[in-house]
Amino acid sequence: MLTRVPLHAAIGVATTLLASSLALAAHADDASPWQRDGHSAVRLLAGSRSGTVLLGGIAVQLEPGWKTYWRMPGDSGVPPRFDFSKSDNVEAVTVMWPAPLKFDDGAGGHSIGYHDQIVLPLRIVAKAVDKPVTLRAEINYAVCEKLCIPVEANVELGFNNVASTEDGNLRAALDTVPKPANIGDPNPLTIRDVKRDGPKNVVVDVVAPEGSKVNLFVEGPTPEWSLPIPDAVEHSPPGVQRFSFELDGLPPGVKPDGAALKFTLVGPDKSYEFNTNLE
């Protein structure tokens with residue numbers, strides 16, 4: 001039996017299907033295909049195209065039980081490396097890092113990184129606002145369960161859409177990046193003081209909401225510095241959580257006096273970054 005569909009109904013169905021196809025195409029344009037290996041997957045995300053400064057992201061998915069590393073991996077591990085030099089119409093790319101977690105590394109120490117899934121926001125500066133932007137990234141990272149496996153991925157994505165379907169995901173990722181702060185700021189979560197305790201020990205006093213668990217990480221002025229993760233001091237003064245670390249892992253011949261240190265303070269729902277010169 002032949003069923004006749006009125007012309008206006010057929011046009012309506014066709015229009016709906018076309019709109020759905022365009023929406024799917026736009027969504028596909030806002031994220032590159034997943035590049036998968038045995039235990040993880042990675043892709044690029046594109047934010048809305050407006051002006052010379054664009055927001056993008058690197059999305060990483062990990063299998064249950066597997067982890068990857070922060071820019072400073074801790075006592076063991078490999079920090080990710082990114083090469084954007086083959087991009088088109090890109091002046092500079094800044095990788096922003098969401099607040100990390102601390103893990104037992106299985107060897108008596110701790111590593112720093114992420115599990116499950118993470119989006120690293122990217123601040124991308126275009127050379128020319130009126131020309132197409134294509135981001136190409138060579139990403140070298142490691143995924144670890146009990147052993148670490150190196151991964152290399154090459155991903156590519158054009159920034160084409162005035163309104164991106166990934167804007168919400170990218171804004172949510174930005175919210176997890178530690179906010180800049182100054183030592184002594186009157187925030188509920190803050191670093192009150194950083195001081196030397198002898199020639200090799202540094203003490204950091206943290207103020208945090210009562211009963212909250214916080215982690216503190218420290219970085220030197222260059223990637224060649226490999227400072228240990230600060231340890232919580234059992235008997236801290238009233239009203240503070242005290243951390244301490246030794247000035248180990250410095251480059252050969254370098255003295256710590258006056259060095260620019262970066263502290264990342266991570267609480268249950270807030271995180272901050274502090275910069276100070278070591279006295």
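Is Asp 88 buried or exposed, or does Asp 88 count as partly exposed? At 35% relative accessibility, Asp 88 falls in the partly exposed class. That value comes from a predicted model, as do the others in this report.

**Salt bridges**

Asp 88 has a charged partner: Arg 136 forms a salt bridge with this residue, and their closest N and O atoms are 3.0 Å apart. Arg 136 sits in strand E10 (residues 133–144), while Asp 88 belongs to the loop between strand E5 (81–83) and strand E6 (90–95), so the bridge ties together parts of the chain that are 48 residues apart in sequence. Arg 136 is partly exposed too, with a relative accessible area of 23%.

If you are tallying such pairs, the count comes to seven salt bridges. Three of them are set out here, with the N to O distance for each.

| Pair | N to O distance | Separation in sequence |
|---|---|---|
| Arg 136 and Asp 88 | 3.0 Å | 48 residues |
| Arg 196 and Asp 257 | 3.2 Å | 61 residues |
| Arg 242 and Asp 205 | 2.6 Å | 37 residues |

Let us take the second row. The side chains of Arg 196 and Asp 257 meet at 3.2 Å, N to O. This pair links distant parts of the chain, with Arg 196 in strand E13 (residues 190–196) and Asp 257 in the loop between strand E17 (241–246) and strand E18 (260–266). Arg 196 is partly exposed at 26% relative accessible area, whereas Asp 257 is exposed at 54%.

On to the third row. Arg 242 and Asp 205 are joined by a salt bridge of 2.6 Å, N to O. Here the bridge runs from strand to strand: Arg 242 lies in E17 and Asp 205 in E14 (residues 201–207), so parts 37 residues apart in sequence are tied together. Asp 205 is buried, its relative accessible area being 7%.

There is also a network of salt bridges, and it links Arg 71, Glu 219 and Glu 273.

**Helix H2**

Now for a helix. Which residues of H2 (residues 167–175) are buried? They are Asp 167, Leu 170 and Ala 173. Viewed down the axis of H2, these buried residues fall within an arc of 125°, so they line one face of the helix. The spacing fits a general rule: an α-helix has 3.6 residues a turn, so residues three or four places apart point the same way.

What does that face pack against? The buried residues of H2 pack against strand E2 (40–46), strand E3 (53–62) and strand E9 (117–126). On the other side of H2, Arg 171 and Asp 175 are exposed.

Conventions
Residues are numbered from 1 along each chain as its sequence is written. This is a predicted model: local features need pLDDT of at least 70, side-chain atom pairs count only at pLDDT 80 or more; totals for chains, interfaces and linings use all residues. Side-chain values use heavy atoms; hydrogens and water are left out. A salt bridge is a side-chain nitrogen of Lys or Arg within 4 Å of a carboxyl oxygen of Asp or Glu. Helices (H or I, at least four residues) and strands (E, at least two) are DSSP runs, numbered from the N terminus. Buried means under 20% relative accessible area, exposed over 50%, partly exposed in between (1.4 Å probe, protein chains only). The arc is that of the directions from the helix axis to the C-beta atoms. Contact means heavy atoms within 4.5 Å.
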